[in-house]
Structure formats: structure tokens, C-alpha cells
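The following exercises concern a single protein chain. Each task is followed by a solution in steps.

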Amino acid sequence: MSKMAPELPIEVDSETGVWTSDALPMLYVPRHFFINNHVAVEEALGVEKYAEILYHAGHKSAWHWCEKEAELHGLVGVEVFEHYMKRLSQRGWGLFITEEIDLERGTCKVRLEHSCFVYQQGKTGTRLEYMFTGWFAGAMDQILAARGSELRTVAVQTQSGGEEGCDVGYFEVAPGTV
């Protein structure tokens, strides 16, 4: 394994300790800390309810992030989505690869390799990365709205590296409502 310095810009305010990347404040926490908290909430609420909550929160957050990043970097359309996938990948969630994207149809397919959830939890036989679904739909919806489209989307996870016989995860985004 080779190592490299982070590719995303990181600034730390010397007075407050607040980390910032691009135009947004960030938190830097160990993977096990985040996933242990994630699993605890999942166990308390149940996967279905927690997934629903995360979907809506993630959608809102991705919309906001894409809107701010598009403005900051002068990005439009597919450039925004690709920038989002790049930044998610650079932050340690996994490696996100856009395999297909069609803004006219409001569809895309994302492959996830090196999932932080699979690295931490192993082969559980379940789809571990449902947290990301709202992110993909939120990003797509923000991009569509910025183009003047009324089309809105829904994202689903169709495969996880946490399932037996699967090495990667897949997510699909298509028109619809939650």
C-alpha cells in the first residue's frame, strides 16, 4: 500500500480548532467511532427506521453540499456529481465510481469499492451502506433543480460488498418519490 497526502483542501482555524474543506466546516473522527455510533443507533431504532431517517437527512445534506460546491468551483451538471463522488472518496467513505449518469433521464449508477462499512464490519450478509442512498438522490436532485428540471429522484442500494459473493456495492438513482 502506498500512502499520499490528502488531495482535498483542509484548513484548521488556529483559534477555534474548526476544520474546513472547500467552503464547509468538517469533523475528523476515527472510522470505528463513527461506525460504532451508527450501529448503536441502528440497533436502537431498527435498520428500516434508521435508513429512512438517514435517507432524508442525507438528501438534504447532499443538496446543500452540491449547491455550495457548485457555486464555489463554478461547476454545473455532471461536473457537480463527479466532484461529489471524488470528495466522498477522498474523505474515506470508500471509492465511489459513477458508472452511468444521464441528467435528461435523471438516472445514474454508482459502484462503491473499499467501503468503510465493510472494512469495519466485514461480511455481514447485509447491505451495509444504505446511508449513502439519500446522498446520491440529493446530489442528483440539486443538479436537476439547478438545470431547471422538475424531475426528482430516488436512490436504492442494489448490492453491498458486505453480502456474500459480492466484492463491491452498487447504487441506482432513478425518477421517483420517497
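**Exercise 1.** In this predicted model, determine which residues Phe-136 contacts beyond its neighbours within four places in sequence, and place Phe-136 in the nonpolar core.

*Solution.* Step 1: With those neighbours set aside, the contacts of Phe-136 are Phe-81, Met-85, Leu-88, Phe-96, Val-110, Ala-155, Phe-171 and Val-173. Step 2: The largest nonpolar core comprises 41 residues, and Phe-136 is listed with Tyr-84, Phe-96 and Phe-132 as having the most contacts inside it. Step 3: Elements giving two or more residues to this core include helix H3 (78-90), helix H5 (133-146) and strand S5 (107-113). Helix H2 supplies the largest share, 8 residues.

**Exercise 2.** Establish how strand S5 is paired and whether S5 is enclosed or open.

*Solution.* Step 1: On one partner, strand S4 (residues 95-102), S5 pairs antiparallel over 7 bridges. In this hairpin, 4 residues lie between the strands, and Gly-106 adopts a positive phi near 70°. Step 2: S5 also runs antiparallel to S7, joined by 5 bridges. Step 3: Lys-109 of S5 stands opposite Glu-100, and its bridge partner in S7 is Glu-172. Step 4: S5 is largely enclosed by the rest of the structure, because 5 of its 7 residues are buried.

**Exercise 3.** Decide whether Gly-162 is buried or exposed, and identify what it touches.

*Solution.* Step 1: Gly-162 belongs to the loop between S6 and S7. Step 2: Its relative accessible area is 0%; the limit for a buried residue is under 20%, so Gly-162 is buried. Step 3: Excluding residues up to four places away in sequence, Gly-162 touches Val-118, Gly-122, Lys-123, Thr-124, Gly-125, Thr-126 and Leu-128.

Notes: Residues numbered from 1 in each chain as written. Predicted model: local features only at pLDDT ≥ 70, side-chain atom pairs only at ≥ 80, totals over all residues. Heavy atoms only, no water. Core = buried A, V, L, I, M, F, W, Y, C linked by side-chain atoms within 4.5 Å. Buried < 20%, exposed > 50% of the residue type's maximum accessible area, 1.4 Å probe, protein only. Contact = heavy atoms within 4.5 Å. Pairing = 2+ DSSP bridges.
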